Amino acid sequence: MLKIKFSNVLIGVSLFLVSTALAQDKTRSYLTDPKLAPREHNVDFTHLRLEVSFNPEQGLVKGKVTERFVPLRQVVDSIVLDAVNIRVKEVLLNGKAVSYRNDSTNLVVYTGTPLSWGSSDSLVISYEANPHKGLYFIGWNDKNNLSRKQIWSQGQGTDNRCWIPMYDEMNDKVVSEVLVTFDASYKVLSNGTFLGSKDNKNGTLTWHYCMKHPHAPYLIMLGIGTYEIKETKSKSGLPMHLYYYPEWKDRAELTYKYSEQMVDFYEKEIGVPFGWESYSQIPVQDYMFGAMENTSATVFGDFFFVDPRSNLDRNYVGVNAHELAHQWFGDLVTANSDAHHWLQESFATYYDMLFERSLYGEDSFNWSRRNAQTSALEESKKNNYPIANSEAGSVRHYPKGAFVLNMLKYVCGREGYNKSIKAYLEKHKYGNVDSHDLLRSFEETLGFSLDWFWEEWVYKGGEPDYSVEFQELRSSSQFLVKQVQELKPTSGLPVDGSQSVAVTNDPFVSDHTSAYRPAGLYKMPIWFEVHYQDGSAEKVMQVLEKQSELVTLANPDHKKVDYVLFDPGNNVLKSVTFSKPFEMLRAQALKAENMLDRFEALLAMRPLPLDRKRETLLQVYANEKFHACKGEVIYQLAADDDSRSISVLNRASVDKDVLVRKDVLNAFTEKNKSVIFDMEVLLKDSSYEVCALALEKLCKYNPSKTQYYLDQTKGIEGTVGRNVICKWLEIAYASDGNKKDVEKLMAYSSNSYEFRTRANAMAALKRLDYFDVSLVDNCVDGMLGNNSRLSGPASDCLTYFYSQDRYKAQISTYLASKTWNSWQLKKLDAFLH
């Protein structure tokens, strides 16, 4: 049974929020942010009509864009548009030609007669461009004609300006309309409603798409390729258009498995209907990120479009849910500057976690939260940026921000949180927001004063670091909690350093001398639990806000304590030092209800000798269901030669959870060769990643059977990136020197293949120290491409060979023999020097 007590007069976190008032810090200080303020602009663009065609072999864009706008200033005599390396042919203002200045970054249009308030005006710009960002031509330069041929866009951050002259910032929204003329044998996708296509009687069609509501310019998208489309609807009737490659029709059902269910889940959870007229998704080759939440039309990397075996290693579910959540958080409401980017990514990350919880359960959700916490704490070792800062970085914008949102729900309650989010979205629908708009929605909806929460978790960086001690007395139990983090100005420390904190010599006497909470200390409600050996338990919630606090739980029946928990379930983002005796850790690992509490107990056992913890670890493995706890046991038993530990490793190699099978392979080293025979079963594993890793490790630790292992895996191509065959060819060539194997790797490194295969092949050739002039051609092509996930491996491979005197001259001769344009020369010069 569980008895619950509340500290002092608190009867819940919500009551605490309205009943407790604290003096404010004397001064507040924040890290400066160069992108805090929205960009200035003197006109408000309202409608953008793009008419565009292409010469894909030349990477050429031919366009005409019509942009309607209203002046924001009393007098407007010039308008600045973003236009990176765009060659403007003509500019019309209200139907008349006007003068303009066109350089490598901007188009400045001079109005002639000044425009003024109350007018409604339009620009028509005819232009050409060969963009290196924003719009990508895939496969059109493949000499072997093996690659897919596609054209697709990636507008975020502000790259649409490289192929469309426009005001390309997030703080202005337009209703977009796109007309694309292209080869009739292809499919074309853009934002909004497909209004139809026109046959031009010359082998081309003109496709026409139009939005009904305004959205940010960076969300304008284009996707062209060879596709079929699965048409479906959500329960609410939202039309959904799911694109797939015709030869991958058998993968479409698995890839898009939960798409309709996600829309239903979000509309119910968020309480606001999907804000756009339809929703499309389209896979593309050589995409440099995971996916992009273009309004009503998500683009994603085709490496997520997988078969059932690859689905075990990586699938589209999480990315699908993340990008769909952006249709509310980022598209429906958009941050007005980069300083508030977390309002988009943190929400999308968090709502993906919520959806995945509905599929995979509470343990999976909690494990995601713990990974978010680990990432956030590691990031704080580098700098102290808050999540509401343009320089915060992806760890804070994505996982840390998601954790903060879950804490906000923990503080306000699920119903209060959801009501406030609904009000926030409805108030700012199709508009721009900042972090204070979100705070105001909570304050106006619930009547809470949450300024303290924003100060701690949104506007300031860092996390609390708690030192916890436990003392069992005759008729009570006591927790001593100290906040031991460094008090920095950007964590709230007064600039003049005047605030002091009294210290007592008795560690179990709490300090109550502060007149107000010292800046830099955190104020959060935290639960404490004491579990007794008779199976009963008691818990209390207390708001911690002082540097040192004592929490007491009565034990009038003198029960024997089994184990204790500080913040059970890890609801608060923090570091904790809390030493516990082994018997308490053992009880916690075996009995705690929350998986995270069991895992933390296992983690605390790492320094202990095997003889002390072996029986407990074996028992935990027999009881556990979740992969993380099983994996921690595997890690600690991996070097143990006890037959029972070896038996655990063998059972793990056939565990139904692929993550457990990966854990045992990762733990497989020179020290535990005795389990090699049992590991051989993983060569035929249903997971391609397991298969490839098993092949690599078995050949490394038992080289006498290399040929047998190669025979067992021959003909398996693997998942995206051809991971198994690339590893197979590498090992086979190292084993017998067959030239055909390395020639296949060389072919895989060419632009006939997608970037993951190319990167895997280049890495294999580098490890083999195999050089060929054709490899230089392939690496240079990869280096000069627009995909950073290929340019890095390509540069690493070429640098490796260029650093060797025997190859340097050949590489230099190759580079000197080619004709390069200025931007290519700049990249190559950086490589050479």
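**Helix H6, its partner H8, and tyrosine 563**

In this predicted model, glycine 361 adopts a positive phi of about 100° just after H6.

User: Happy to start with that helix. What makes H6 mostly covered?

Analyst: Of the 19 residues in H6, 14 are buried. A residue is called buried when its relative accessible area is under 20%.

User: How do you know that the length of H6 is close to what is expected at 1.5 Å a residue?

Analyst: From first C-alpha to last, H6 reaches 26 Å, against an expected 27 Å. The expected span is 1.5 Å times one less than the number of residues, and H6 has 19 residues.

User: Why is H6 called roughly perpendicular to H8?

Analyst: Helix H6 (residues 342–360) packs against helix H8 (residues 394–412) at an angle of about 70°, and their axes are 7 Å apart. Angles of 65 to 115 degrees count as roughly perpendicular, so H6 is roughly perpendicular to H8. The crossing is right-handed.

User: Which residues of H6 and H8 meet there?

Analyst: Among them are Trp342, Phe347, Tyr350 and Leu354 in H6, and Arg396, Tyr398, Leu405 and Lys409 in H8. By class, the contact of H6 with H8 has nine nonpolar, five polar and three charged residues.

User: Nice. Now to strand S29: why is tyrosine 563 called buried?

Analyst: Tyrosine 563, in strand S29 (residues 561–566), has a relative accessible area of 5%. The cut-off for buried is under 20%, so tyrosine 563 counts as buried. Leaving out residues up to four places away in sequence, tyrosine 563 touches residues including Glu529, His531, Met584 and Lys591.

Technical notes. Residues numbered from 1 in each chain as written. Predicted model: local features only at pLDDT ≥ 70, side-chain atom pairs only at ≥ 80, totals over all residues. Heavy atoms only, no water. Helix = DSSP H or I, 4+ residues; strand = E, 2+ residues; numbered from the N terminus. Buried < 20%, exposed > 50% of the residue type's maximum accessible area, 1.4 Å probe, protein only. Contact = heavy atoms within 4.5 Å. Axes fitted to C-alpha atoms, helices over the stretch in contact; angles between N-to-C directions. Parallel < 35°, antiparallel > 145°, perpendicular 65-115°, else oblique. Left-handed = near helix turned anticlockwise from the far one by under 90°. Nonpolar A, V, L, I, M, F, W, Y, C, P; charged D, E, K, R; others polar.
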